[in-house]
Amino acid sequence: MIQTNSRVKPLILGFIVFIFSFNAQAQINVVTTTGMIADLAKNIGGQYVEVNPLMGTGVDPHLYKATQGDLRRLTKADIIFYNGLHLEGKMQDVFTKLSRKKAVFAVGDQISQHDLLEHGKHPDPHIWFDLKLWHQAGQRVLEVYQSIDPEHKTYYQSQADKYFAEMNALNQWIIEQVKTIPKKQRVLITAHDAFGYFGKAYGIKVMGLQGVSTAAEFGLQDIKKLKDVIIQNGVKAVFVETSVSPRFIQSLVAGVKAEGHQIKIGGELYSDAMGLTGTPTGNYFGMVKHNVETIVQALKN
């Protein structure tokens, strides 16, 4: 059973006055950073919320800076959800200032320190790739809604229960799909190290040209290290990401082929952003399913 994070309670109690500011007929204006958080907020909030993400498809949250339009939307929001764990590193000052007068919550704060992957100064922020961890992030969203809008507490719980049930089913499906890849071939190489939680949860070795942030630099030694891993393990495919330039992976593929090893780009993965709204990958479950199908098909064949 997931434990409620006590850190959320003092923050919510600080917004008691805020609770009474809602018009009973109005939707709660929720602004999120990423599409993955927006998906949580929409599905759990249902008919009582209007959710607007700042970052669309193909947007890299590591490098994103708030525009004047974003600042206006954030100022008008009733609730702001962001990932935290330094994912939106260039926006942290904005969130800190807004939190002094507005309901601002980092869904990553729900995750136990024990479950986080440490990478230097900051933990790996890509928690949505382990569905059990993302369940905890969803629990944070549920707690906020129920505390700020207690009149609809039962409704939010019902919405969350349906969403979490689908999440649990998808988690089991991922486990079964990964089992179809021969163990030696379970090596996932991408542009940046966004799939660490995915690898830990589902038994895949994960490596990226860049670190957990696309702001990190890499050099010839990093490329050589990956080339060696590819050749030693007989890796058949590497992957590009929708929110990261493909040229680095393309250069890696060219270098590996130059040494006589056959390798291909196995497909495009959604890492830090989902697909276009209205498409199969424009929601969280669809994005995850696309990634798993792409990875499995490329690595097992």
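**Sheet, helices and two buried loop residues**

The protein has 11 helices and 10 strands, and the model looked at here is a predicted one. Of its 301 residues, 52% count as buried. Among contacts with a separation of 6 or more, 70% come from residues 24 or more positions apart. As for the outside, the protein exposes about 14,000 Å², and carbon and sulfur atoms supply 51% of that area.

A good place to start is the open sheet. Four strands make it up, in the order 2-1-3-4, with parallel pairing. Strand 2 (49-53) and strand 4 (103-106) sit at the edges, each pairing on one side only. From one strand to the next, the twist averages 20°. Further in, strand 1 (residues 28-32) pairs with strand 3 (residues 79-82) in the parallel sense, over 3 bridges. Within strand 3, Ile80 is the bridge partner of Val31.

Two helices lie across these strands. Helix 3 (residues 35-45) lies across strand 1, strand 2 and strand 3, and runs at about 175° to strand 2. Helix 6 (residues 131-148) lies across strand 1, strand 2, strand 3 and strand 4, this time running at about 170° to strand 3.

Leading into helix 6 is a loop that starts from strand 6 (122-123), and this is where Trp128 is found. Trp128 has a relative accessible area of 0%, so it counts as buried. Leaving aside residues up to four places away in sequence, Trp128 touches Met36, Asn83, Leu87, Trp134, Ser271, Asp272, Tyr284 and Met287. One of these partners, Asp272, is 144 residues away from Trp128 along the chain, yet their C-alpha atoms are separated by 9.4 Å.

Met287 turns up again among the contacts of Thr281, a residue of the loop between strand 10 (264-269) and helix 11 (284-300). What else does Thr281 touch? With residues up to four places away in sequence left out, the other partners are Tyr270, Met274, Gly275, Gly286 and His290. Thr281 is buried too, because its relative accessible area of 11% falls under the 20% cut-off.

Elsewhere in the chain, strand 7 (residues 187-192) is mostly covered, with 6 of its 6 residues buried. Strand 7 pairs with strand 8 (residues 205-210) in the parallel sense, and 5 bridges join the two. His192 has Gln210 as its bridge partner in strand 8.

Helix 10 (residues 247-258) is worth a look of its own. Its 12 residues reach 16 Å from the first C-alpha to the last, close to the 16 Å expected at 1.5 Å a residue. Which residues of helix 10 are buried? They are Ile249, Leu252, Val253, Gly255 and Val256. These residues are on the same side of helix 10, because they cover an arc of only 165° around the axis. The general rule behind such spacing is that an α-helix has 3.6 residues a turn, so residues three or four places apart point the same way. Just after helix 10 comes Gly260, with a positive phi of about 90°.

Terms used: Residues are numbered from 1 along each chain as its sequence is written. This is a predicted model: local features need pLDDT of at least 70, side-chain atom pairs count only at pLDDT 80 or more; totals for chains, interfaces and linings use all residues. Side-chain values use heavy atoms; hydrogens and water are left out. The expected span of a helix is 1.5 Å times one less than its number of residues. Buried means under 20% relative accessible area, exposed over 50%, partly exposed in between (1.4 Å probe, protein chains only). The arc is that of the directions from the helix axis to the C-beta atoms. Two strands pair if DSSP finds at least two bridges between them. Axes are lines fitted to C-alpha atoms, for helices over the stretch in contact, and angles run from 0 to 180 degrees between N-to-C directions. Contact means heavy atoms within 4.5 Å. Accessible areas come from the Shrake-Rupley method with a 1.4 Å probe; for residues, only the protein chains shown count as cover.
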